[in-house]
Amino acid sequence: MANEKALQQLLPFLLAVGLYGFSDLPLGVFPQTQLAHLVLKCIPVLCLVAMLLLHPTRGSSYSLLLQAGLVLSSVGDGCLVYEHLFFPGVGAFGVAHVLYVLAFGFAPPAWPIGGATSVFA
């Protein structure tokens, strides 16, 4: 039962991801403008923000940090649509990742996993 509710909550996100995936196909269905690309690229992450706003833990610091990180990730995605906004986009992603680290915490440190991930990334 809990899995069904989680799927229902994630359905807008999953549909938005699918819509974005199909938007790059040369089907002639989606306009090939930067604005359309910007909107379709940012909607999935904003769906996750909306899901967190509707979640019972919405007022917790964990939820607020995740929401802020997701909004900044969406800003970063939006900036990367335009070449001249590349560095502000990277900056938005950087701040978003700091917020994710603050939300998820530092303990317990998993140095071997982190080291292996950084080597293979």
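Helices α3 and α4 run roughly antiparallel to each other, because the angle between them is about 165° and angles over 145 degrees count as roughly antiparallel. Helix α3 covers residues 61–81 and helix α4 covers residues 86–104, and their axes lie 8 Å apart. Angle and distance are a handy pair of values here: two packed helices are described by the angle between their axes and the distance between the axes. The crossing of α3 and α4 is left-handed. Sorted by class, the residues in the contact of α3 with α4 are 20 nonpolar, four polar and one charged. Please keep in mind that this is a predicted model.

**The whole protein**

Let us step back from that pair. The protein contains five helices and zero strands, and reading along the sequence gives the pattern α-α-α-α-α. Along its principal axes, the C-alpha trace spans about 50 × 40 × 25 Å. The protein has 121 residues, and 25% of them are buried.

**A closer look at α4**

Does the length of α4 fit what its residue count suggests, or what span should we expect for it? Helix α4 has 19 residues, which at 1.5 Å a residue should span 27 Å, and the end C-alpha atoms are 27 Å apart, so the two values agree.Which residues of α4 are buried? They are Gly89, Ala92, Ala96, Leu99, Tyr100 and Ala103. These buried residues cover an arc of only 105° around the axis, which means that they sit on the same side of α4. A general feature of helices helps in reading such a list: an α-helix has 3.6 residues a turn, so residues three or four places apart point the same way. On the other side of α4, Phe87 and Val98 are exposed.

**Four residues to find in the model**

The table gathers one residue from each of several helices, with its relative accessibility.

| Residue | Relative accessibility | Class |
|---|---|---|
| Asn3 | 67% | exposed |
| Leu46 | 41% | partly exposed |
| Gly78 | 9% | buried |
| Ala103 | 13% | buried |

Asn3 is part of helix α1, which covers residues 2–23. With a relative accessible area of 67%, Asn3 is exposed, because exposed means over 50%. From Asn3 we can look across to Gly89, one of the buried residues of α4. Asn3 and Gly89 are 86 residues apart along the chain, and their C-alpha atoms are separated by 34 Å.

Leu46 belongs to helix α2, made up of residues 34–54. Is Leu46 buried or partly exposed? At 41% relative accessibility, Leu46 counts as partly exposed. The C-alpha atom of Leu46 is separated by 17 Å from that of Leu7, with their positions 39 residues apart along the chain.

Gly78 takes us back to helix α3. Its relative accessibility is 9%, and Gly78 therefore counts as buried, the cut-off being under 20%. How far apart in space are Gly78 and Gly114? Their C-alpha atoms are 28 Å apart, and the two residues are 36 residues apart in sequence.

Ala103 brings us to helix α4 once again. At 13% relative accessibility, Ala103 also falls in the buried class. Pro88 lies 15 residues from Ala103 along the chain, and the C-alpha atoms of these two residues are separated by 22 Å.

Note on methods:
Residues are numbered from 1 along each chain as its sequence is written. This is a predicted model: local features need pLDDT of at least 70, side-chain atom pairs count only at pLDDT 80 or more; totals for chains, interfaces and linings use all residues. Side-chain values use heavy atoms; hydrogens and water are left out. Axes are lines fitted to C-alpha atoms, for helices over the stretch in contact, and angles run from 0 to 180 degrees between N-to-C directions. Helices (H or I, at least four residues) and strands (E, at least two) are DSSP runs, numbered from the N terminus. Angles under 35 degrees count as roughly parallel, over 145 as roughly antiparallel, 65 to 115 as roughly perpendicular and the rest as oblique. A crossing is left-handed if the near helix is turned anticlockwise from the far one by less than a right angle, and right-handed if clockwise. Ala, Val, Leu, Ile, Met, Phe, Trp, Tyr, Cys and Pro count as nonpolar, Asp, Glu, Lys and Arg as charged, and the others, Gly among them, as polar. Buried means under 20% relative accessible area, exposed over 50%, partly exposed in between (1.4 Å probe, protein chains only). The arc is that of the directions from the helix axis to the C-beta atoms.
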